[in-house]
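Biologist: I have a new model open and would like to understand the words used to describe it. Could we go through a few of them together?

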Amino acid sequence: MGAAAPRRRAPLLARSLKPLQCPRRGRAPPLCSAARRSAAPPGPGPPPPPAPPPRRHPGAAMETGSKMTARLMLAVGGAVLGSLQFGYNTGVINAPQKVIEDFYNRTWLYRYEEPISPATLTTLWSLSVAIFSVGGMIGSFSVGLFVNRFGRRNSMLMSNILAFVSAVLMGFSKMAFSFEMLILGRFIIGLYSGLTTGFVPMYVGEVSPTALRGALGTFHQLGIVLGILIAQVFGLDLIMGNDSLWPLLLGFIFVPALLQCIILPFAPESPRFLLINRNEENKAKSVLKKLRGTTDVSSDLQEMKEESRQMMREKKVTIMELFRSPMYRQPILIAIVLQLSQQLSGINAVFYYSTSIFEKSGVEQPVYATIGSGVVNTAFTVVSLFVVERAGRRTLHLIGLAGMAGCAVLMTIALTLLDQMPWMSYLSIVAIFGFVAFFEIGPGPIPWFIVAELFSQGPRPAAFAVAGLSNWTSNFIVGMGFQYIAQLCGSYVFIIFTVLLVLFFIFTYFKVPETKGRTFDEIASGFRQGGASQSDKTPDEFHSLGADSQV
């Protein structure tokens, strides 16, 4: 009997397992009640908790759609033509100064039958240079009037009307014997450039995927420095910087304006504007698929919807609200100080008066040395483009400020000892080139696109208006005041900029957070949580929000 028992149990075990086998091909068998009982945990205890979803680190970049596509490149390239216009009109007035002053003198003589006085000539020339910044201040402060009403892309298209009008006024000023036309043209192209400094970084930041936002944001600064370099080359006597062709030099802005009008209609509108401002989800989804080169844009859409929900919970953000609300006070302060760090660093003093600085340094052909600084300017902007997503915004800005401060000290030493040691002229050239290079590593490109990163969709236009006004106002102050301060301080003038650079370095180190690889909503959430007590924050929140976070 003991030997027969196992033979009777074997078929019983087989019969009990038979219902678990799959009776049909190609389909998984449904679990029967016996199988469910066998799969259930033993005992009356509670079922095991579900596995937690994978947690996404705030600093991790979104992988979906992080590749460069043709449509994305078309959108960024078309927008950056406006940046090139800004740079071109910043640098174009420097080289033909003498021939334009001769034109003023001849016009005055033609009208009043007497030569223009030196004081009047200086006033007219200073007005021709400075009126560009006045237009820029007004234009930058008007960004919010356009972008929410007409959209980002359409606003850029419409602003080209200003470029066309300015090109006609400046291009025909000599023929009409009217320096008023030239000055008015400079004011109008200043309006255009002020609008551009808001439109372009905003549009580029909103069409770019998170993983490429910093690199593509640098294209705005690359367009600016390319424009400056083109203006320096075209301003040579051999090309258009002479008495007969200088109106063509100033009217050349017609060409990039026309190119932008041809390219931008093929570029898409900002998907964030379509979804958040216009509530056109299907259009936004279609645009995202083209920009990202993939059909799966769910993560981008989800992020935008979350930002939209947060925006609906907030009241409409005005410029005054940026300063009143604790939620926006810190990011707007950061945006303003970073813009000031760009303009009050002394870089515009180098751009505006580079030729005279090289002359004082004893350079025989200062105009070619100025073009050399433009080449260095462009080259290091390209370097910044490749490293900004690896090193981080905050790190590059700190490196740039520190390097510029060191070069400013070298420049001061070289200019002070130039009379005793003629070889110091070479040190001054190296110092100027180094100053420009460090500027383009950090303080040049980063303040432009970090404004778009610090604010969500609602307050972003108002923030760009305030930041742009700060940038252009400080630009105007440096352009008008540097020559007088240089006469007062002599070779020690760059010590003033050194002190300012050190102060900006300290502020950046303690106050500016890292935004690399973080979505707009993550960055905005960081500032929303900034008012909470530090005791309530987890170590991970300190890592993602604090200015001392690892970069």
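Biologist: Why are α13 and α14 called oblique to each other?

Modeller: Happy to explain, keeping in mind that this is a predicted model. The axes of α13 (residues 281–292) and α14 (residues 298–313) cross at roughly 135°. Angles over 145 degrees count as roughly antiparallel, and 65 to 115 as roughly perpendicular. The crossing fits neither range, so α13 and α14 are oblique. Their axes come within 10 Å, and the crossing is right-handed.

Biologist: Which residues make the contact?

Modeller: From α13 come E281, K285, L288 and R292, and from α14 come D300, L301, M304 and K305. Sorted by character, the residues of this contact are 3 nonpolar, 5 charged and no polar.

Biologist: What makes G214 buried or exposed?

Modeller: The cut-off for buried is under 20% relative accessible area. G214 has 0%, so G214 is buried. This glycine lies in helix α9 (residues 213–234).

Biologist: Which residues is G214 in contact with, leaving aside its neighbours within four places in sequence?

Modeller: Those are V388, E389, R393 and F449. L385 is 171 residues from G214 in sequence, yet their C-alpha atoms are 7.6 Å apart in space.

Biologist: F449 makes me curious about α21. How do you know that helix α21 is mostly covered?

Modeller: By counting: 9 of the 9 residues in α21 (residues 446–454) are buried. F449 is one of them, and the others include W448 and the charged residue E453.

Conventions:
Residues are numbered from 1 along each chain as its sequence is written. This is a predicted model: local features need pLDDT of at least 70, side-chain atom pairs count only at pLDDT 80 or more; totals for chains, interfaces and linings use all residues. Side-chain values use heavy atoms; hydrogens and water are left out. Axes are lines fitted to C-alpha atoms, for helices over the stretch in contact, and angles run from 0 to 180 degrees between N-to-C directions. Helices (H or I, at least four residues) and strands (E, at least two) are DSSP runs, numbered from the N terminus. Angles under 35 degrees count as roughly parallel, over 145 as roughly antiparallel, 65 to 115 as roughly perpendicular and the rest as oblique. A crossing is left-handed if the near helix is turned anticlockwise from the far one by less than a right angle, and right-handed if clockwise. Contact means heavy atoms within 4.5 Å. Buried means under 20% relative accessible area, exposed over 50%, partly exposed in between (1.4 Å probe, protein chains only).
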